[in-house]
Amino acid sequence: MRHRVVLRVDLATLSANYRAVCGVAAPCAVMPVLKANAYGLGVGPIARALVAAGAPRIAVAEPFEALRLQGLGVPVQILSAILPDEIEPMVEAGVTLPLTDLATARLISGEALRQGRTAVCHVALDTGMGRAGVLWQEAPDFLRAAAALPGLDIEGILTHFPLAYQGGSAFTREQLRRFRRVLAAAEALGLRFRWVHAANSDAINNAPEACRPPFNLVRCGINLHGAFDAAGALRVPLRPVLTLTARLAQVRTLPAGTPLGYGHTYRTPRPLRVGTVAAGYADGLPLALSNRGTVLIRGVAAPILGRLSMDYLTVSLEDVPEAVPGDPVTLLGRDGGLEIPVQDWANLKGTHAYDIICSIGTRVAREYV
Ligand SMILES: Cc1ncc(COP(=O)(O)O)c(C=O)c1O
C-alpha cells in the first residue's frame, strides 16, 4: 500500500544547489540552516547529503533540533537565542551557542566551568532585525565583559537581515556598516573571531558585500531547496528539489448545475468530467488554491474546482478525459512540459516559500531519491 500524498526530495539536486550557493558565496563557507526539520522536508537525509557535499557546520533554531544532528562530525550551532534551562544539556552536548546578553553569557560560563568544559559561542548581534541579541550600540561593552568570562570560546559573531529580500536595500547596507563598527571595536579590544557571518539566502543573492571579507561564512536555508524569497536579483542558479504528488481517487461526469464542495463556491456550467484528488489542506495545500490553483495529470493542467477540503479536492478533467482512478497527480513540481513551482502557491496564498514548505502535512510521506 502506498501513501496517498508523497513529498519527494531530490538529494542530488539539493547537493547541486549547495554547490551553486558555494560558488556564488565564495570566498565565504556555506552553513546550511536546517531548523524546523529542514523546513519540514526531513532533516536526517538532508543533513547527511549536505555534509557529504562539504558543509562544514550546520545551524538550527533550538536544542531538540541540535540533538538530532549529533554524530554527523560537524559542529552544530543554535542561531538566535538560548533559554536558561537549555544551557546545561547544550553545553554537555557541545552545541555552539548564541550569546545574546551578559546574563546568558554568565550562565553559559558558569555551566561550562561546572562541567569542566569550554562552551563554544557566537555573539548574536542585533544590528536592526529587532528580534534577539546584543544591540549593536551596546556591543563594545558587552564584548569587553563577555571576553573576560572563563569557560567560553567566543569563536564567532553574527547578525541577521530583515530586508535583504529587497534588492539594494539601504537598510541592509546600514546594518553592514553597524556590523563593521562592532568588529572594529572588537579588534580594539584584541578580539578576533574565527567565524563572521550575516548573509542568509536573500543576502547571498542581493547583498554581495555580505559574502566578502570580513565575512567568511553565510547561512543558507531556503535556497538549498531551490526556492527563494528574493524580490531583487537571483544570483544563484537553483533548481527545485521537491515534488509533491497525490492520486486520483474517483472520476465522474457531473450534470450541469452541480454545486461542488463546502460553501458551494463552484457550480458546473455544463455536464463536466471531474476528478476527486486524495489531498487536502491537512496535507499542507493552501486553502487559497480553491477555485484558483491547478494540478497536473498526465502532463495536462487540471484546474481546481470549488473549495479544498481536509482530505480531498476536485479538479476539472475536461482536458484530460483519459484520466482514471489511481493516476498520479502532481501538486508541486514537474509533469511533462509543465511545472507548478512552490512560488505559485506562495503567490496564491499571499505568503512566501518558507510558509508553503514548512506547512506540508505530517501525514505526507517523505521520500528521498
Ligand atoms: C538567523 C538566521 N539565519 C539564517 C536563516 C536562513 O534563512 P534563509 O532560509 O532565508 O536562507 C534564518 C532563517 O530564517 C535565520 O533565522
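**The ligand and its surroundings in a predicted model**

In this predicted model, an N or O atom in the side chain of S201 lies 2.6 Å from an oxygen atom of the ligand. With the protein in place, 93% of the 410 Å² of accessible area that the ligand has on its own is covered. Two further side chains also approach oxygen atoms of the ligand: for Y39, an N or O atom of the side chain is at a distance of 2.5 Å, and for R131, a polar side-chain atom is at 3.1 Å.

The ligand is found in the largest pocket. Helix α2 (35–39) and strand β10 (217–220) are the elements that contribute two or more residues to the shell around it. In total, 14 residues surround the ligand, and the closest of them are K35, Y39, S201, R219 and Y354. By character, the shell consists of 6 nonpolar, 5 polar and 3 charged residues.

Helix α2 is a good place to look next, as its backbone has some unusual values. Most residues other than glycine have a negative phi. In N37, however, which belongs to helix α2, phi is positive, near 55°. A38 is also part of helix α2, and its phi is likewise positive, near 55°. The surroundings of these two residues can be read from their accessible areas. N37 has a relative accessible area of 28%, so it counts as partly exposed. A38 has a relative accessible area of 0% and is therefore buried.

The loop between α9 (201–206) and β10 holds A210. This alanine has a relative accessible area of 0%, which means that A210 is buried. A25 is 185 residues away from A210 along the chain, yet the C-alpha atoms of the two are separated by 8.8 Å. The loop between α9 and β10 also contains P214, which is joined to P213 by a cis peptide bond with omega of about 10°. Such a bond deserves a remark, because most peptide bonds are trans.

A second cis peptide bond is worth pointing out. A26 and P27 are joined in this way, with omega of about 15°, and P27 is located in the loop between α1 and β2 (29–32). Helix α1 itself covers residues 11–25 and includes T13. The relative accessible area of T13 is 4%, under the 20% cut-off, so T13 is buried. Its side chain also has a polar partner: a polar contact of 3.0 Å links the side chains of T13 and D10.

To place these details in the whole, the overall fold can be outlined briefly. The protein chain comprises 11 helices and 20 strands. Of its 369 residues, 51% are buried. Taken along the principal axes, the C-alpha atoms of the protein chain fill a box of roughly 80 × 40 × 35 Å.

Notes: Residues are numbered from 1 along each chain as its sequence is written. This is a predicted model: local features need pLDDT of at least 70, side-chain atom pairs count only at pLDDT 80 or more; totals for chains, interfaces and linings use all residues. Side-chain values use heavy atoms; hydrogens and water are left out. A residue is near a molecule or strand if one of its heavy atoms lies within 4 Å of it. A polar contact is a pair of N or O atoms within 3.5 Å; within protein, one must be able to donate a hydrogen and the other to accept it, and residues adjacent in sequence count only if both atoms are side-chain atoms. Accessible areas come from the Shrake-Rupley method with a 1.4 Å probe; for residues, only the protein chains shown count as cover. On a 1 Å grid over the protein atoms alone, a cavity is a set of points where a 1.4 Å probe fits but cannot get out, and a pocket is an open set with protein on both sides within 12 Å along at least five of seven lines; lining residues have an atom within 4 Å of a point. A molecule sits in a cavity or pocket if more than half of its atoms lie within 2 Å of its grid points. Helices (H or I, at least four residues) and strands (E, at least two) are DSSP runs, numbered from the N terminus. Ala, Val, Leu, Ile, Met, Phe, Trp, Tyr, Cys and Pro count as nonpolar, Asp, Glu, Lys and Arg as charged, and the others, Gly among them, as polar. Buried means under 20% relative accessible area, exposed over 50%, partly exposed in between (1.4 Å probe, protein chains only).
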